[in-house]
Each structure stands twice: as structure tokens, then as C-alpha cells.
Amino acid sequence: MEEKKGIEERLSKLPGRISFYYYNLVTGESMEYNSDEKMMAASVIKLYIMADAFDRIEGGRLDPNQMITVKKETYVPSCGAVAYMHEGLQVTVMDLITLMIIFSDNTATNILIDLLGIEEINEGIRRLGFKSAWLRRKMYDLEKSRQGIQNQITAGETGRFFRRLYEGTLVSRPASERMLEILKNQQLNGKIPFYLQALLEEPAVAHKTGEDTGITHDVGIVYGKEPFVVCFCGNETDTPRFERIMAETALELYQRDIESKENNTYQKITGKGNRLKGHENCKD
């Protein structure tokens, strides 16, 4: 990959702990940078909760249509919509999964964690073949966070998570397709899709973000002419600077596979007067 040296150079200049994973789903071309380093997960751990929930649904151990009544004591701040709705709101398990992913809803996530159980979710993650991802606390558990108890992921394993989704081998093909459908409806689009969403032929992006103080991630699939997995993970870093690099690099990788007449799109859409959407910032 011609861009490999340039990508590694810009990542190496960032402060903190940075990891990166790229995989072309057509050619098998790949690139990794510290991809096996264990990272504080922030909201990317929600991917693995979703996968465990779908595995239970597939096995008949969880009813996606089960109604859950949201109680005020479950509300937690920051990302999401549920905590801003009326007390007593009734939602299905599938509603909670969808809200957890597309709005990174922390209240919905914590309700699911209570329903599924932390130990049981981790057992499910292992059963699905993932060794590095760990759920150790609920979202916005400030006391455990202060104690250093953090959820964990790696860019490389999360990249393989998306490869299996694309191949239809994560839980099952119907489950993989449904999870990808949810991920394509992501509403937090200030990182990987930031420049891509301004293209005339905007590609679909199935992805999940994560952020907290000094933490920023975005991981997913960009559906270019040659779809590719790309995972950016950063801890203890300059988050605005890294997020700009995520957006630039995702566009750069996408543009490798489009017609030469579109090769100047980057300069067109990043100039004055572009129509880019704003960046939404949410903490776990």
C-alpha cells in the first residue's frame, strides 16, 4: 500500500497510545499499527454486548420483543435519548440494542447489561471467539472508573469482528446482516465518515465510535468499490487532532478505489463552504 508509510508516520506523531487496523475485504490487503495493544474501550465495547445479545436471540435465550419499562434510577448522563424521555417508557430489547449502537445510548446499554449480566456477557464474548474484549463495568460508573476498572478492546480484534460481520459468520448470516444494518444507521458521524458524507456518491459506513477524556475511537466498514475495515483507537491522546486524522485517512483510503476524475474530491470538500455535518461528542 503506497499510503502505508504516510499513515504510520502521521499516527506515530500523535501523543498517547494509538492503534490502527485496516483490511481490504476484496483483496485481503492489510495494515496494522499497534493493533494488538489493549485499549480502554469507551463505547466500542457496546459492539460486543450487541453480538452477545444477538447470539442469545439466535439461540432462543433472549426475546428481542420483550418489553422493558425504563425506570428513572437507571438514567445515566451523556450519550443517548432514553434518559431524556418520560419515566416509565416502554421499549423492546431490540430497541435497546439499536439505541445502544446508533446513539451510543448509555442508559439503554446499562439496562441491557443488567438484563444480560456482566459475567455472562464476557462468557458470550469468549464463546464467539474474542479473547481481548472485556466488559468490566457499566457505562458512566465513575467510581469504578476512578479505581482504574475499565472495559477493554484491541483494534485488531475489533477489525476481525467487522470482518466476520461482513462475511456473515458472526453468530449467523441473518444476525450479521441485521447488526450491519443497525451499524449503518449510526448517528454519530464526526470521525470516519466526516469527509465521506460530503461526497456526491456518499458511501455507506457501518461503524461505532467511542470517546471519553483523552480517548477517541472509530471502528467499522467503509463500503467503497472495494469495501474495507478500518479501526482507529486512541488513549491518552489529543482527541481533536486524532479525529481529524481519522477523517482524512478514511477518505484517503476510500479514494484509492474511485475514478481518477474524482481524485481531487478531498480538496473540494474540505475547502471553505463545505456542507459537512458537525461532530457529536459522547462519553461512555
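**Entry 1. The sheet**

I began with the five strands that form an open sheet, and I noted their order as 2-1-9-8-7, with antiparallel pairing. The model I am reading is predicted. I looked next for the edges and found strand 2 (30–33) and strand 7 (205–212), each of which pairs on one side only. I then recorded the angle between neighbouring strands of this sheet, which are turned by 5° against each other on average, direction ignored. As background to the entries below, I kept in mind that strands of a sheet pair through backbone hydrogen bonds, either parallel or antiparallel.

**Entry 2. Strand 1 and its two partners**

I asked how many residues of strand 1 are buried. Strand 1 covers residues 17–24, and seven of its eight residues are buried, so I entered the strand as mostly covered. On one pairing, I found strand 1 joined to strand 9 (residues 228–235) by eight bridges, in the antiparallel sense. On another, I found four bridges between strand 1 and strand 2, also running antiparallel.

I used Tyr22 to fix the register of both pairings. In strand 9 the bridge partner of Tyr22 is Val230, and in strand 2 the bridge partner of Tyr22 is Met31. I then followed the chain from strand 1 to strand 2 and noted a hairpin with five residues between the two strands. In that turn I singled out Gly28, which has a positive phi of about 85°.

**Entry 3. Strand 7, strand 8 and helix 8**

I turned to the edge strand 7 and counted seven buried residues of its eight, so that this strand too is mostly covered. Strand 7 pairs with strand 8 (residues 215–222) over eight bridges, in the antiparallel sense. For the register I wrote down two positions: Val205 stands opposite Val222 in strand 8, and His207 stands opposite Gly220 in strand 8. Strand 7 and strand 8 form a hairpin with two residues between them. Gly214 lies in the turn and has a positive phi of about 75°.

I then asked which strands helix 8 touches. Helix 8 (residues 173–184) packs on the sheet and touches strand 7 and strand 8. Its direction makes about 65° with that of strand 7.

**Entry 4. The loop between helix 8 and strand 7**

I examined two residues of this loop, Leu196 and Gln197. Leu196 has 0% relative accessibility and therefore counts as buried. Not counting residues up to four places away in sequence, I listed its contacts as Glu202, Pro203, Val205, Val222, Ala250, Leu251 and Tyr254. Of these, I looked further at Leu251, which is 55 residues from Leu196 in sequence and 6.0 Å from it in space, C-alpha to C-alpha.

Is Gln197 buried or exposed? I found Gln197 buried, with a relative accessible area of 4%. I also found a polar atom of the Gln197 side chain 3.3 Å from the backbone oxygen of Phe194.

**Entry 5. Nonpolar cores**

I noted that in soluble globular proteins nonpolar side chains tend to be buried together. The largest nonpolar core here has 58 residues, and the members that touch the most others are Leu47, Tyr48, Met50, Ile97, Phe161 and Phe162. I asked which helix gives the most to this core. Helix 2 (residues 45–58) does, with nine residues.

I followed Leu47 in detail. Leaving out residues up to four places away in sequence, Leu47 touches Ile101, Thr158, Phe161, Phe162, Leu183, Lys208 and Val219. I also recorded a second, separate core of 26 residues, which includes Phe20, Tyr33, Tyr195 and Leu253.

**Entry 6. Cysteines**

I searched the whole structure for disulfides and found zero. Cys231 is in no disulfide, and its nearest cysteine sulfur, that of Cys233, is 6.3 Å away. Why is there no bond between the sulfur of Cys233 and that of Cys231? I concluded that the 6.3 Å between these sulfurs is too far for a bond, because a disulfide requires sulfur atoms within 2.5 Å.

I closed by checking the accessibility of both residues. Cys231 has 0% relative accessibility and counts as buried. Cys233 likewise counts as buried, at 0% relative accessibility.

Conventions
Residues are numbered from 1 along each chain as its sequence is written. This is a predicted model: local features need pLDDT of at least 70, side-chain atom pairs count only at pLDDT 80 or more; totals for chains, interfaces and linings use all residues. Side-chain values use heavy atoms; hydrogens and water are left out. Buried means under 20% relative accessible area, exposed over 50%, partly exposed in between (1.4 Å probe, protein chains only). Two strands pair if DSSP finds at least two bridges between them. Axes are lines fitted to C-alpha atoms, for helices over the stretch in contact, and angles run from 0 to 180 degrees between N-to-C directions. Contact means heavy atoms within 4.5 Å. A nonpolar core is a set of buried Ala, Val, Leu, Ile, Met, Phe, Trp, Tyr and Cys residues joined through side-chain atoms within 4.5 Å. A polar contact is a pair of N or O atoms within 3.5 Å; within protein, one must be able to donate a hydrogen and the other to accept it, and residues adjacent in sequence count only if both atoms are side-chain atoms.
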